[in-house]
Amino acid sequence: MPAGVILAGGRSTRFGEQDKAVADLAGVPMLRRVADRIGGVVDELVINCREDQRDAIEEAVCDYPNPTKFAIDSDPDQGPMAGIRTGLAACDDEYAFVVACDMPFVDSELVNYLFERAEGHEAAVPRLGDGWFQTTHAVYEPNPMVEACDTALGEEKRKIVEPLFELDYVVVEEEELQKYGSLESFENVNTKAEFEAAVQRFRP
Ligand SMILES: Nc1nc2c(ncn2[C@@H]2O[C@H](COP(=O)(O)OP(=O)(O)OP(=O)(O)O)[C@@H](O)[C@H]2O)c(=O)[nH]1
Ligand SMILES: [Mg+2]
């Protein structure tokens, strides 16, 4: 089975003082919810974060059933693409599913489908009706994506789509995604209000 990479190296500025990665989402830290949702379809978990976040995140995943490793940003605050690069560089698997720590509704059926679609290519990236590529909810072949990120970062290009254009990537459109899982999978939690709304949805 492939790897899962959870991105958690952001500063959660829209969220407030606390790190949203470990915020208590109806009894479970948000990042742990993401880890639990993908646990059945990835066999190894890589967590990308800063050194100062490590202890709290480690506590959140200490009893996680699958192997877990940390990919710590050597140069923090370089944006999500740098986080993807650092996370993927720690993977030895053929493919990895990259997901943000603030996507607690991630749907493993969709993740599985993205793995299928990536087969024979270097990436499978969802695109929703709004036209945006869901690069932080996508499958990559680690080596080519790491190289493509290095190239983009070397050219001071920070947009997460930049490295994609260097790859043989498959676009998975919304209509197709809908057949295989729930589009809730792409919802991300940025503010306290969004977090509270998510808490209500997880409460029984
Ligand atoms: N390694 C790394 N990851 C990042 C960085 N910025 C954002 N991310 C991650 O990328 C994902 C999407 O980012 P955002 O939703 O903007 O999260 P954020 O930056 O923590 O929150 P805001 O400060 O409110 O923008 C999250 O999983 C973040 O943890 C960064 O500079 N480095
Ligand atoms: Mg941000």
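**Exercise 1. Work out whether helix α1 is mostly covered or mostly open, and list its buried residues.**

Step 1. Helix α1 spans residues 30-38, where helices (H or I, at least four residues) and strands (E, at least two) are DSSP runs numbered from the N terminus.

Step 2. A residue is buried if 20 or more other C-beta atoms lie within 10 Å of its own, exposed if 12 or fewer, and partly exposed in between, with the C-beta atoms placed from the backbone.

Step 3. By that criterion 7 of the 9 residues of α1 are buried, and the helix is mostly covered. The buried residues are Met30, Leu31, Arg32, Arg33, Val34, Ala35 and Ile38.

Before going further, note that this is a predicted model, in which local features need pLDDT of at least 70 and side-chain atom pairs count only at pLDDT 80 or more, while totals for chains, interfaces and linings use all residues. Residues are numbered from 1 along each chain as its sequence is written, and chains are lettered from A and ligands numbered from 1 in the order in which they are written.

**Exercise 2. Describe the protein chain as a whole, and explain why it counts as being as compact as a globular protein of its length.**

Step 1. The chain contains 7 helices and 9 strands. Its radius of gyration, taken over C-alpha atoms, is 16 Å, close to the 17 Å that the globule rule gives for 204 residues, so the chain is as compact as a globular protein of that length. The globule rule is 2.2 Å times the number of residues to the power 0.38.

Step 2. The C-alpha trace spans about 40 × 40 × 30 Å along its principal axes, and 45% of the 204 residues count as buried.

Step 3. Two residues are in contact if their C-beta atoms, placed from the backbone, lie within 7 Å. Among the contacts with a separation of 6 or more, 71% are made by residues 24 or more positions apart.

**Exercise 3. Find how helices α3 and α5 pack, and which residues meet.**

Step 1. Two packed helices are described by the angle between their axes and the distance between the axes. Axes are lines fitted to C-alpha atoms, for helices over the stretch in contact, and angles run from 0 to 180 degrees between N-to-C directions.

Step 2. Helix α3 (residues 80-89) and helix α5 (residues 142-154) pack at an angle of about 145°, their axes being 9 Å apart. The crossing of α3 past α5 is left-handed, a term used if the near helix is turned anticlockwise from the far one by less than a right angle, with right-handed used if clockwise.

Step 3. From α3, Met81, Ala82, Ile84, Arg85, Leu88 and Ala89 meet Pro142, Met145, Val146, Cys149, Asp150, Ala152 and Leu153 of α5. By class this contact has 11 nonpolar, no polar and 2 charged residues; here Ala, Val, Leu, Ile, Met, Phe, Trp, Tyr, Cys and Pro count as nonpolar, Asp, Glu, Lys and Arg as charged, and the others, Gly among them, as polar.

**Exercise 4. Examine the surroundings of three annotated positions, Leu7, Lys20 and Asp102.**

Step 1. In an unreviewed entry, UniProt places the feature "binding site" at Leu7, Ala8, Gly9, Lys20, Asn48, Asp73 and Asp102; such annotations may be inferred rather than shown by experiment, feature names are shortened, and positions are given in the numbering used here.

Step 2. Leu7 lies in strand β1 (residues 3-7) and is buried, because 27 other C-beta atoms lie within 10 Å. Not counting residues up to four places away in sequence, its contacts include Asn48, Pro80 and Thr136.

Step 3. Lys20 lies in the loop between β1 and β2 (24-25), and Asp102 in the loop between β6 (96-100) and α4 (108-118). Lys20 counts as buried, with 27 C-beta neighbours inside 10 Å, and Asp102 is buried, with 27 other C-beta atoms within 10 Å.

Step 4. Leaving aside neighbours within four places in sequence, Lys20 is in contact with Ser12, Phe15, Met30, Asp102 and Val189, while Asp102 is in contact with Lys20, Met30, Asn188, Val189 and Asn190. The C-alpha atoms of Lys20 and Asp102 are separated by 7.2 Å, although these residues are 82 residues apart along the chain.
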